[in-house]
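Trainee: I am new to this structure and would like to look at it before we discuss any detail. Could you show it to me, so that we can go through it step by step?

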Amino acid sequence: MNTVRITKDFTFEMAHALSEYKGKCYNIHGHSYGLSVTVKGKPLDREGYPESGMVMDFSTLKRIVNEEIIEPFDHAFVVNHHDRRFTYLPKATKMLIVKYQPTCESMVIDFAERLQKALPEGITLQRLLLRETATSYAEWYAEDNTDLK
């Protein structure tokens with residue numbers, strides 16, 4: 001049976017501020033992010049199974065990505081744990097404190113780590129593309145995935 005890649009796209013809104021940055025992004029600002037998630041596996045080949053012919057049900061991939069990334073990050077303010085400028089914000093604020101500078105590059109690495117832990121056996125994460133603006137994005141590839149570049 002051949003190995004197949006499938007991709008699902010997601011969108012979410014998020015604000016962040018870059019600590020110690022010497023430019024506009026030091027200030028709180030937001031983006032409409034686009035995330036493309038590509039996984040790889042062999043389509044199930046079992047008669048009588050609803051998932052026969054699928055690498056993974058797209059609804060299962062959607063559930064995993066929603067739980068691991070969209071729900072925590074959507075409409076959140078994301079800040080580096082070293083950045084003490086925002087300690088005054090009320091507890092009602094959806095603030096996500098991370099152990100990295102919340103750049104597009106660092107976030108895509110975080111997202112890859114979260115998804116790799118959550119995917120079912122036999123399914124491997126191959127590629128993430130995190131679009132921060134219409135013209136700017138970061139990509140993550142699995143180490144064995146040079147053919148996608």
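Trainee: How many bridges join strand 5 (residues 124-133) to strand 6?

Mentor: Bear in mind that this is a predicted model, in which local features need pLDDT of at least 70 and side-chain atom pairs count only at pLDDT 80 or more, while totals for chains, interfaces and linings use all residues. Residues are numbered from 1 along each chain as its sequence is written, and side-chain values use heavy atoms, with hydrogens and water left out. Strands (E, at least two residues) and helices (H or I, at least four) are DSSP runs numbered from the N terminus. Strand 5 and strand 6 run antiparallel, and the number of bridges that join them is six.

Trainee: How many residues lie between strand 5 and strand 6, and which residue is the bridge partner of Leu130 in strand 6?

Mentor: The two strands form a hairpin, with two residues between them. One of the bridges links Thr133 to Ser136 in strand 6. For Leu130, the bridge partner in strand 6 is Ala138.

Trainee: Which strands does helix 1 (residues 58-73) touch, and which does helix 2 (residues 104-118) touch?

Mentor: Helix 1 packs on the sheet and touches strand 1 (4-16), strand 2 (29-41), strand 3 (76-80) and strand 4, where contact means heavy atoms within 4.5 Å. Helix 2 also packs on the sheet, and the strands in contact with helix 2 are strand 1, strand 2, strand 5 and strand 6.

Trainee: Which residue in strand 5 stands opposite Leu35?

Mentor: Strand 2 and strand 5 run antiparallel and are joined by seven bridges. Opposite Leu35, in strand 5, stands Leu130.

Trainee: In what order do the strands lie in the sheet, and which are the edge strands?

Mentor: The sheet is open, holds six strands with mixed pairing, and has the order 4-3-1-2-5-6. An edge strand pairs on one side only, and here the edge strands are strand 4 (95-98) and strand 6 (136-141). Two strands count as paired if DSSP finds at least two bridges between them, and with that rule the edges are strand 4 and strand 6.

Trainee: What pattern does the chain follow when it is read along the sequence?

Mentor: The chain contains two helices and six strands. Read along the sequence, these elements give the pattern β-β-α-β-β-α-β-β.

Trainee: How far apart are the closest N and O atoms of the salt bridge between Arg63 and Glu67?

Mentor: The structure holds four salt bridges, each a side-chain nitrogen of Lys or Arg within 4 Å of a carboxyl oxygen of Asp or Glu. Arg63 and Glu67 are separated by about one helical turn, because they are four residues apart in helix 1. In the salt bridge between Arg63 and Glu67, the distance between the closest N and O atoms is 3.5 Å.

Technical notes. Axes are lines fitted to C-alpha atoms, for helices over the stretch in contact, and angles run from 0 to 180 degrees between N-to-C directions.
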